[in-house]
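Reader: I am new to this structure and would like a close look at a single part, followed outward into its surroundings. Please take your time over it.

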Amino acid sequence: MNASLKKYLLVTITAGLIFGLLFACHTTNPNVRTAVTSDAASKVYIAPGQYDEYYAFLSGGFSGQISVYGIPSGRLLKVIPVFSQNPENAWGYSEETKPMLLTSHGFVPWDDSHHPELSQTDGTPNGKWIFINANNTPRIARIELTRFETEEIVEIPNAAGGHAAPFTTPDGRFVVSATRFSVPIPNADVAISDYKKSFKGTISFVTADVPGKMEVAFQILMPGYDYDLGHAGKGPSDGWFFFTSYNSEQAYTKLEANASQNDKDYVAAVNWRKAESCVAAGKAKITPTSYKHNSIDSASRVAKSETITSVKVLDPRDCDGVVYFLPTPKSPHGVDVDPTGQYIVAGGKLATVIPVHSFSKLEKAIADKAFDTTIDGIPVLKYDAVVAGEVKNPGLGPLHTEFDGKGYAYTSMFISSEVVKWKLGTWEIVDRIPTYYSIGHLMIPGGDTKQPWGKYLIAMNKITKDRYLPTGPELFQSAQLIDISGDKMKLLLDFPTIGEPHYAQALPASMIKDKQVKFYSLANNGNPYKIMKESEGGIARVGKRVDVKMLAIRSHFAPDNIEGVQLGDTVYFHVTNIEQDWDILHGFAVLGNNNSELIIAPGETRSLRWVPTRIGIYPFYCTDFCSALHQEMQGYIRVSPAGSNVPLIAKLSDRALTQGGRLEQTTRSEHATHDHSR
Ligand code: RUQ
Ligand code: CUA
């Protein structure tokens, strides 16, 4: 630890202790420096009925989802299910959404989501979509921002750990995914000790600008390192992509020591326009593989899953100048490009400086052939030939950097638990602020784009100890809102997050607020089991499969009395919410259903699979308090022994009939073969 850092830590700790002693009688933790200015409350207070200025999208980490917060209030607005089943709205449980979670490994009900990325046009967010990666079973999801719903998920083949994803090119044509873990490509049964010989990395470019058509356009084969994060160039560096890697030692055991040997690892600079032209010139190998592409059809709102069976793989040896390595100290994690596109900032977890590479120097070094060596066809540039400068004594454990668009950069320091503000070009530190505690990512709305909205910064911290009332061994992770509008950073607010947030992105609410879908048009609902009126409801049997078509409207289901189901049957309830009104949901659950409830948006049809295990009478009911008579919104289904002669009927109960319903007994058999179960 250097002297000034020691001094800084000492001052911080002493200040904290003094403050703590002064306020030791408070119920808040006495050792924590509150450090908020007196006007902080008014800066984050959004009066009831008022709206927040920004929508922030925080990754859920091991929750697999995205959570949406209003900024500056820190109010949770919504959780968008992405890679994990979500019983709250039947994501991954309803028949219509189950195909979204199919992978080449089968149905995967969970993942670890790290990096939300807003879609861009010309290097700035366009408010259409947000992408996020699955870290464990590599995938990229596209979430539609007119209804905050995951609409498309594509798997990444020839990869294991999709961490460096899904960062976008400024034109929005591609999002990328680089593999965290190198593995044999194609994967194969080899000895782990064959690492150096057999293990490879890949960087995938995924087409991102055509809804419903995401696929891996091409992959670049890379040496067997761990690829960690990435960001696209912009402005002068548009056409390039930068990825950090660690483990250039190619260790395969005890990486904490064995992958921390080398003084420098590499940032890979990828000329993706060149890669595209090499691929177009037929220089990539078309290799067989198998990966899933899942999407929700906008007309039927039913997900479908397809298998893609080949991928183009480009070896840098076959495409001169497509990748260069920039030596970078030491086990770098984040890599971030400033708004001008000139500077490439790497966060070396174990480095004592924050190294900044220069794009113009990179171009010159390539022209001058200032190479140290070549690895697998990839020239390694000389550090001194590419480095623009180093931020000295930044603190400990630099991870990620965002920009305010006013010439400053903000770097998160995991070990010394702080945000450090420094000036681009002079590399001098101008301010620092402690975080509580162990900050990982940080985010400024638009902070990785050409035009940041440099007003707020959100710190996302890994450890929350003593910030909130204790709740057992596990606490919420904590985000902190920091005002960066002035010279000095000011802490405004703590707010808890869901799962472990890694990266986040945000945009002004005005960009998407007025585009929100309020309900689905019943007329356009293309679900094959849709019904529009009570008389279209009914029941049908084919073998041991029974389909019930049902509608939901305040405050009844039609039909609500069902008989003739037998033990051994599998029943599908297809419920259409025929309301055409904003925010009027109905739910559906039946005794013993071993998946989740359905939540059905207005105009939508959702289907629940149910396999009764014993004879008897089973109630079903609406799970969403939809009206004064919500509690009356219920019905019964009768289950008889196998082979019984109880006729198959579905009707409205007498009570409902006296209230004006008029569903006749129906025993239909059409629509009984469309099976979208797995
Ligand atoms: S990571 S805390 Cu998954 Cu982006 Cu750096
Ligand atoms: Cu419908 Cu409660």
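Reader: How many residues lie between E8 and E9 in the hairpin they form, and which residue in the turn has a positive phi?

Author: This is a predicted model, and the part you ask about can be described strand by strand. E8 and E9 form a hairpin with four residues between them, and in that turn Phe148 has a positive phi of about 55 degrees. The two strands run antiparallel and are joined by six bridges; one pair to look for is Arg142 with Glu152, its bridge partner in E9.

E9 itself spans residues 149–155 and is mostly covered, with seven of its seven residues buried. Besides its pairing with E8, E9 is paired in the antiparallel sense with strand E17, residues 285–296, over three bridges. In that pairing Ile153 stands opposite Asn294 of E17.

Just before E8 comes a loop that deserves a look as well, for Thr137 lies between strand E7 (124–134) and strand E8 (139–144). Thr137 counts as buried because its relative accessibility is 9%, which falls under the 20% cut-off. Leaving aside residues up to four places away in sequence, Thr137 touches Thr103, His105, Val108, Asp111 and Glu155. Glu155, one of these contacts, belongs to E9, whose residues are 149–155, and in this way the loop before E8 is in touch with the second strand of the hairpin.

From E17 one can go back along the chain to helix H5, residues 272–280, where Trp272, Ala275, Cys278 and Val279 are buried. Seen down the axis of H5, these buried residues fall within an arc of 110 degrees, so they line one face of the helix. Their cover includes six strands, namely E10 (174–178), E12 (199–207), E13 (216–222), E15 (240–246), E16 (265–271) and E18 (303–314). After H5 comes Gly282, whose phi is positive and near 80 degrees.

E15, one of the strands that cover H5, leads to another place where the backbone can be examined, the loop between E15 and helix H4 (255–258), in which Gln250 is found. Most residues other than glycine have a negative phi, and most peptide bonds are trans. Gln250, although not a glycine, has a positive phi of about 55 degrees, and Lys254, also in the loop between E15 and H4, has a positive phi near 45 degrees. The two are set apart by their exposure: Gln250 counts as buried because its relative accessibility is 16%, whereas Lys254 counts as exposed because its value is 57%.

Peptide bonds offer a further detail to look for in the model. A cis peptide bond joins Ile71 and Pro72, with omega about 20 degrees, and Pro72 is found in the loop between strand E2 (66–71) and strand E3 (75–80). Another cis peptide bond joins Ile185 and Pro186, with omega about -5 degrees; Pro186 is found in the loop between strand E11 (183–184) and helix H3 (195–198).

Finally, there is the ligand. The residues around ligand 1 are His114, His115, His163, Leu229, His333, His400, Gly440, His441, Lys462 and His502. Sorted by class, this shell holds one nonpolar, eight polar and one charged residues.

Terms used. Residues are numbered from 1 along each chain as its sequence is written. Chains are lettered from A and ligands numbered from 1 in the order in which they are written. This is a predicted model: local features need pLDDT of at least 70, side-chain atom pairs count only at pLDDT 80 or more; totals for chains, interfaces and linings use all residues. Side-chain values use heavy atoms; hydrogens and water are left out. Buried means under 20% relative accessible area, exposed over 50%, partly exposed in between (1.4 Å probe, protein chains only). The arc is that of the directions from the helix axis to the C-beta atoms. Contact means heavy atoms within 4.5 Å. Two strands pair if DSSP finds at least two bridges between them. A residue is near a molecule or strand if one of its heavy atoms lies within 4 Å of it. Ala, Val, Leu, Ile, Met, Phe, Trp, Tyr, Cys and Pro count as nonpolar, Asp, Glu, Lys and Arg as charged, and the others, Gly among them, as polar.
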